[in-house]
Amino acid sequence: MGTTETIIVGGGQAGLAMSRCLTDRGVEHVILERGRVAERWRTERWDSLRLLTPRWQSRLPGWRYRGPDLDGFMTKAEVVTYLDEYARSFRAPLHTGVAVTRVHGRGDSFEVQTDAGAWASSNVVIATGYCARAAVPAFAAELAGDMDQLVPTQYRNPRQLRAGGVLVAGASATGIQLAAEIARTGREVILAVGNHIRLPRRYRGRDIMRWLDEMGVLRETADQVPDLEASRRQPSLQLIGSEEGGSLDLQVLQDRGVRIVGRMTGVSGHRAYFADDLADSIGHAERKMHGMLHRIDWHLARLRLSCAFPVEPRPRAVAVPVAPRTLNLRDRGVNTVVWATGYRRDYPWLHIPVLDATGEIMHRGGVTPRPGLYVLGLQFMRRRNSAFLDGVGADAADLTEHLIQHRARRLVAAA
Ligand SMILES: Cc1cc2nc3c(=O)[nH]c(=O)nc-3n(C[C@H](O)[C@H](O)[C@H](O)COP(=O)(O)OP(=O)(O)OC[C@H]3O[C@@H](n4cnc5c(N)ncnc54)[C@H](O)[C@@H]3O)c2cc1C
């Protein structure tokens, strides 16, 4: 059995950031990764995907993007190279191709079983990803058997889809990007829209992410928001990172022929049902967007920079079409449903009672009720950008500090 002080499960950006922080503080550890570094970027993302955050916004502990075109957007292949080079830069103690199959407590330590032998450690950091598995509504099982259905982790490009129309359920970053790509091939695309967050790609002469970064919005901490659980449930931003750098929103999609309908509420055979909530969800997203743009205006006014970044017209309002409550998909020539309805976590190997009734890990800023057990990379774990490439590092540094203090307390108790 291998022994080490800390085991990190997962070799994505979160696992690597944690490893770098532990390395800097001299904490012995290993990373167990079932695939390769950044495996999900290699095998679970669609071909055309680019990050929606600009290249400069990929700062990790001791690492940042140093190539050209800082304001452009990395392709998924670039993300893999970026993280591979990061791992090499500090000789991350990686064990790749090693899947963790069981983690359980042994006294105040842990035993970690893998498909390549067992390990014992004092701490375990779970870094297996916030977007570990696509979430699909239970009613998907009612869809007629002659319809194709797939999730974003299976989608690669429109060529893999049968000829015919496509219903995309979900209009956050993934849903709008896939709807746009599929519509470009001339197919009929229907987009079912629920709660979403609209932002323009650029405002007052700069990329929106530059403003959010400068104003500290993305670094807001868990105690700065009125309802942390609601903030954790927020959908991803309706943004796309493309070479052209333009916005992608429900109006752009409608201009390109995508038909938008309300949130999908059920399905029976070939019949799909939608909520009568399109005007509400669009109205809500517009108000939130104007609130944020107003914040940027105010920020510039306060710094007396309004002249340097002249006022520009706000994005066009999204037209709210008359949307049907139900559609017979077969009659409309639709034979594929893409469920862009979010992601979930799954810890079948975790045999420590830290999961709540919904299967999520209970934690306070990544510290679980079981001393020595940590989780990293979750949505708004400590900060608004906890699950972002650019945000996970600050959380990793905090957890490293906690882990070192936990070690000191344990040593004192044992003395
Ligand atoms: C479509 C999409 C687009 C995104 N775009 C952006 C963006 O533009 N900008 C941004 O900052 N963020 C973006 N994100 C969010 C975030 O950056 C990614 O989800 C990122 O992959 C999270 O990194 P992670 O290390 O937390 O998890 P992951 O990358 O999911 O890594 C977890 C690792 O754990 C491994 N693993 C899982 N189970 C086990 C096990 N039992 N044993 C051993 N290893 C295991 C997996 O193989 C995987 O390599 C995007 C996410 C998605 C899904």
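**Ligand shell, pocket and helix α8**

Visitor: What makes the approach of Arg34 to a nitrogen atom of the ligand a polar contact?

Guide: In this predicted model, a backbone N or O atom of Arg34 lies 3.1 Å from a nitrogen atom of the ligand, and because the cut-off for such a pair is 3.5 Å, the approach counts as a polar contact.

Visitor: Which side-chain atoms of Arg45 and Thr53 lie by the ligand, and at what distances?

Guide: A polar side-chain atom of Arg45 lies 3.0 Å from an oxygen atom of the ligand, while Thr53 places a polar side-chain atom 2.8 Å from a ligand nitrogen atom; both values fall within the limit of 3.5 Å. As for cover, the ligand taken alone exposes 980 Å², of which the protein buries 94%.

Visitor: Which elements give two or more residues to the shell around the ligand, and which gives the most?

Guide: Those elements are α1 (13-24), β2 (29-33) and α2 (39-43), with α2 giving the most, at 3 residues. The 29 residues around the ligand have Glu33, Arg40, Leu52, Thr53 and Leu389 as the ones that come nearest, and by class they divide into 17 nonpolar, 7 polar and 5 charged.

Visitor: What lines the second largest pocket?

Guide: Its lining comprises 17 residues, and Arg184, Ile240, Gly241, Ser242 and Glu244 lie nearest the centre; 5 of the lining residues are nonpolar, 6 polar and 6 charged, around a volume of about 340 Å³.

Visitor: How do you know that the span of helix α8 is close to the expected one?

Guide: The expected span is 1.5 Å times one less than the number of residues, which for the 25 residues of α8 (278-302) gives 36 Å, and the helix reaches 36 Å from its first C-alpha to its last, so the two values agree. Just after α8, Arg304 takes a positive phi of about 55 degrees.

Conventions. Residues numbered from 1 in each chain as written. Predicted model: local features only at pLDDT ≥ 70, side-chain atom pairs only at ≥ 80, totals over all residues. Heavy atoms only, no water. Helix = DSSP H or I, 4+ residues; strand = E, 2+ residues; numbered from the N terminus. Near = heavy atom within 4 Å. Polar contact = N/O pair within 3.5 Å; in protein donor to acceptor, adjacent residues only side chain to side chain. Areas by Shrake-Rupley, 256 points an atom, 1.4 Å probe, with all protein chains shown as cover. Nonpolar A, V, L, I, M, F, W, Y, C, P; charged D, E, K, R; others polar. 1 Å grid on protein atoms, 1.4 Å probe; cavity = no way out; pocket = protein on both sides within 12 Å on 5 of 7 lines; lining within 4 Å. Points joined across faces, edges and corners; volume = space filled by probe spheres on them.
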